[in-house]
Amino acid sequence: MSEELLGAISRNVVQGRVKREDEGLVEKMKGTPAIRELIQEAIDKQVDFGRIMSSMNDAMKIVGDKFEKEIYFIPDMLRAANTVGEAMKILEPHLVKAGVKSGPKFLLATVLGDQHDIGKNIVGMMLKGAGFNLIDLGVNVSPGKVLSVIEQEGIEVIGLSALLTTTMPNMEKTIEEIRKAGMRDQVRILIGGAPTTPKFAEDIGADGHGRDGFQAVELARKLSART
Ligand code: B12
């Protein structure tokens, strides 16, 4: 029975359906229960939270596959990621109540001078869906702000995003600030955003570069080696 429900959750993430009135991205599913109803049903039926989360993770892998094959494009990926985000809004208070151990703390930020956050938000939603304890500082975040949050929160992994070639140097400045404060060995640093490359990541002393949300999750998992 719960297999059926988990299958429906996964399918609705792939179809990017939040509410009953939503049509699917590919399938016509209007009028059938969507993620909100299905997640609530799973909670009511006491389906294991871990299984709910992994059904959504599996769904995002399918979405990633469709994206690679150019069956899905950015807006489709956004819709699927947003569907996971909506599911998490319903699940989170229950996870906290149940004392489900939260994953590694991940600090995400768009660097100083940069207002672009669409890609960062996709990455954030996927990290949350993958069980990371996400602290999203938003856009235009100074190196000093990143540093103070690392100190206060005991961050394990940092993700920096930049969409402008003019703000990419602020990634290096952020890493430099962390190094100067003697905290470089305590955190793993991932970077991403359209103009960034693995070579740039290496040059500025980051630990990795992610092309998209899927790589971000994969790398964050490797770097934190916990989730
Ligand atoms: C939407 C957009 C805007 C919106 C941003 C809205 C928002 N809330 O984000 C607005 C209109 C505000 C805007 C403003 C500007 N923009 Co603009 N913008 C874009 C646009 C069209 C799309 C960017 C986007 O969202 N892509 C979709 C997302 C999903 O992709 P993504 O960000 O790359 O993210 C993915 C990956 O890179 C990765 N990723 C991203 N972050 C991270 C982080 C980590 C840790 C990891 C692992 C992975 C990762 O995963 C994401 C998901 O797959 C691009 C053009 C383009 N086609 O890219 C221009 C673009 C980025 N903008 C540009 C410019 C010039 C500007 C402005 C300076 C324009 C102006 N003159 O005012 C301002 C700058 C404002 C500022 N200070 O930041 C230029 C940059 C050129 C350059 N060489 O730097 C671009 C390339 C357009 C162009 N061709 O000229 N912009």
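This note goes through the surroundings of the ligand and then one pair of helices in a predicted model.

1. The shell around the ligand holds 27 residues, and of these Q115, H116, D117, S161 and T165 come nearest. Sorted by character, the residues of this shell divide into twelve nonpolar, eleven polar and four charged.

2. Several elements of the fold share in the shell, for helix 4 (74-97), helix 5 (118-129), strand 3 (157-161), strand 4 (188-192) and helix 9 (213-224) each supply at least two of its residues. Helix 5 gives the most, with four residues.

3. Individual polar atoms can also be followed to the ligand. A polar side-chain atom of D117 lies 2.7 Å from a nitrogen atom of the ligand, while a polar backbone atom of T165 is 2.8 Å from an oxygen atom of the ligand. For G193, a backbone N or O atom lies 3.4 Å from an oxygen atom of the ligand.

4. Two packed helices are described by the angle between their axes and the distance between the axes. For helix 6 (residues 143-153) and helix 7 (residues 169-180), the axes come within 9 Å and cross at roughly 45 degrees. The two helices are therefore oblique to each other, since an angle counts as roughly parallel under 35 degrees and as roughly perpendicular from 65 to 115. Helix 6 passes helix 7 in a right-handed crossing.

5. Where these helices touch, P143, G144, V146, L147 and I150 in helix 6 meet K173, T174, E177 and I178 in helix 7. The residues of this contact divide into five nonpolar, two polar and two charged.

Definitions and conventions: Residues numbered from 1 in each chain as written. Predicted model: local features only at pLDDT ≥ 70, side-chain atom pairs only at ≥ 80, totals over all residues. Heavy atoms only, no water. Axes fitted to C-alpha atoms, helices over the stretch in contact; angles between N-to-C directions. Parallel < 35°, antiparallel > 145°, perpendicular 65-115°, else oblique. Left-handed = near helix turned anticlockwise from the far one by under 90°. Contact = heavy atoms within 4.5 Å. Nonpolar A, V, L, I, M, F, W, Y, C, P; charged D, E, K, R; others polar. Near = heavy atom within 4 Å. Polar contact = N/O pair within 3.5 Å; in protein donor to acceptor, adjacent residues only side chain to side chain.
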